[in-house]
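Please read the following briefing alongside the sequence and the model shown here.

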Amino acid sequence: MSSLSRRSALKLLAASTALPAGQAQAAQAESLELQPVGHWKTTHNRVFLGGEFWANPMEDWRIVDGAAECQTTGGDRNIHLITRQLTDAGKPFAMSVRVGRVESRRIDGGAGFRIGIKSELNEYRSNLFSKGGVKAGIIDGKLVLARRTQPLADGADTSDVVFVLSGSPAGDQVQLTLTAKNATSGEELGTLTAQVPADFVLGNVAVVSNFEPTIKKGQGARYRFSDWRVGGDAVTVDESRAFGPLLWTMYTLSDSRGDEGFVMKLSALTGPLGEDDSKDVELQVEKGGEWKSLGTTQLDTDAWTATFRIPNWDEKHAAAYRVVYQEKQTDGSTVESSWSGKIKANPSGRPLRLGALTCQNDYGFPYEPVVENLLRLDPDMLYFSGDQLYEGHGGYGLIRDPAGPAILNYLRKFYQFGMSFRDALKDAPTVCIPDDHDVFQGNIWGEGGKAMGEGSTSSKGGYREPARMVNVVHKTCAGHHPDYFDPTPCLQDISVYYGDMVYGGVSFAILGDRQWKSGPEHVDSGSSRADHVKDPNYDVSTLDKPGLVLLGERQEKFLEHWGSDWRGHSMKVLLSQTVFAAVATHHGGYDGYLKADLDSGGWPQTARNRAIEILRKSKALHINGDQHLTTLTQYGVKEQRDSNWSFCTPAIAAGYPRWWRPDEVGMAHENRPQHGLANTGEFLDGLGNKAYVYAVGNPVVGKDRNRYRKAHEKGSGFGLVTIDTDSKTYHIESFRFLIDATDGKADNQFPGWPVTLHQDENAGQNRLE
Ligand SMILES: [Fe+2]
């Protein structure tokens, strides 16, 4: 307890018999032991507020001289306390915070607490982006509590205030009391009480700068917060929810097939730290019951990743690891934090199970049903094929320029990915590649790293974002991948990340299948959108101009090399963003017919055929995502079914919907599979490519108000591929969203799955009928 609150608690307790109900209750609440949360007072100046907090939005907050200070005069900037929730309205609680006004423009949007912030799930992460809740603070000279307001005395000094908010059960209501005092004089500015229905207080607690979300930047005030304390039995404390300073880890394990044996690479991510913070992260492994240091690595101060590379890793045994960060405080003390997990043993003598995931639209955040399935299944390896975020993630807009703020804007959206999946990521090698939305584009036609000119970020070639921001995206996603095949950057010094990983007797090629791809402005789509062919009679052969690029020369060369290099493995998988066919007939809405989408890997057709010709020799299964529509398709180049299979996995949370309904639009098919499912068989896709569609998981229109049921309706889920190097088979499962993947129910999977393919089928030696 601070000296101020202790003094007032004693004073109020002594006088409580003579006080009216509200103040007596305040006295009772102040006698609760309030625990300080976080340690802003001794934190160095920086962006990251500490692991106990989630700042909305991160880029608008800084630690400044011992307090969390809002950097904008915009509305509804807030900090949630993620380690504590109000969970039992039948018990008392109290919290206090000191609030200083730093600046005030035309409107004083006020500051104070907001409690009872909850989504339809009332899960602490889903609550972080909810509106609503009960206000308690001062707005423009008035004390505000729930719907009640009370003017303060004329001339009351509200520039530096300590708020004490307390609550205690009153039948099926909660009696709330808010007291405001001048922080320097201790003089009471006012007290206000209110009763609210008990469930109104349940949920997250936050402090807020400018309560009203409609206040624009430049209009409101801004505030700084310090000495936040919380207590009482109504509050559940869960320190394991803390997110940072070590946020999460991602690692890979790969057979170099050279002097270095297996190489383990691991990135630890921290929140954006300050100039005076330590940049050292240490990696330790458990040996004989003790932690042994494997050294210290410096954080990259753009990406806030520390990447370790450990050659000659003992791949035969699983190993417990932890990363450790010593957070130096302004008072000379140090706070140690760590994040731990397990480096799996290289799968040997048994099949390798790969969890394959894509596209996380944040209406479904934090995607618990998918995460829980991953934890139950415990795959040997994870693969995220892109769209770890969308531009609208977490609200508060997009910052495109300059690079510094754009990076912070990106990072906090990306952090939602880690916050959701970190318990799975810590224990399994993970390949994670960025796609278009990760670099804030609706589509990406990278053209070898070219800077995008003016125009739409969906249908212009090149990168819209500054190269420095793009490189942060690459580093945060793929910095822990095995060494790249040829790390020479492309145009604008944008990094590349193609290469391979050899694990469990399988070689995984990793491509950026849009990094060199040509933009659609090189051709005429015949419609208002350069990337969408809408006319069903359009001659799509005119889109196949000579010289147009899909994978690009460098990646084609790599793929050639990889296809003929069989050292240390006997099966192959290609991991890239999307399917090399246009397997969707409807986009955006149920009736949104589209003949062809140039953003699919089916365009440019000649380059697509060349890529598959190269790929066929490798007999690789192609695993991809991006479409928000799970499909299992066999590519054809000269003949139907002469080439590799593609498994496009369901989206983790599908946003923009797509369907493959060729039967309905009269597309001809031959040789429908024996299962007889609609919309399957040998087709010429909308771009004229040969594609044998064996299975498709068409969604229904998602309407449910519950995010998880909605994600389920929209065809979300994840893939699991079991690669058996003895029988040379891939067992492919496409799971729905709201299921338990271990209970064996037939309708857990989309129609047509599971499917087992033999390696040779990827070279057109077909068995499946
Ligand atoms: Fe997506």
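Just after helix H3, Asp 378 takes a positive phi of about 45°; helices (H or I, at least four residues) and strands (E, at least two) are DSSP runs, numbered from the N terminus. This is a predicted model, in which local features need pLDDT of at least 70, side-chain atom pairs count only at pLDDT 80 or more, and totals for chains, interfaces and linings use all residues. Residues are numbered from 1 along each chain as its sequence is written, and side-chain values use heavy atoms, with hydrogens and water left out.

**Helix H3**
- In H3 (residues 368–377), the buried residues (under 20% relative accessible area, 1.4 Å probe, protein chains only) are Pro 369, Val 370, Val 371, Asn 373, Leu 374 and Leu 377.
- These buried residues pack against strands E24 (352–357), E25 (381–384) and E39 (717–724), and also against helices H4 (403–425) and H8 (707–713).

**Iron site**
- The iron ion has as protein donors (N, O and S atoms within 2.8 Å of the metal, or 3.2 Å for Na, K and Ca) Cys 359 (SG), Asp 387 (OD), Tyr 390 (OH) and His 628 (NE2), which lie 2.0 to 2.6 Å from the ion.
- Asp 387 is in the loop between E25 and H4, whereas His 628 is in the loop between strand E33 (621–624) and strand E34 (631–636), so the pair ties together parts that are 241 residues apart in sequence.
- Both Asp 387 and His 628 are buried.

**Confidence**
- The average pLDDT (the predictor's confidence in each residue, from 0 to 100) is 95 for the chain, with 96% of the residues scoring at least 70.

Key:
Buried < 20%, exposed > 50% of the residue type's maximum accessible area, 1.4 Å probe, protein only. Contact = heavy atoms within 4.5 Å.
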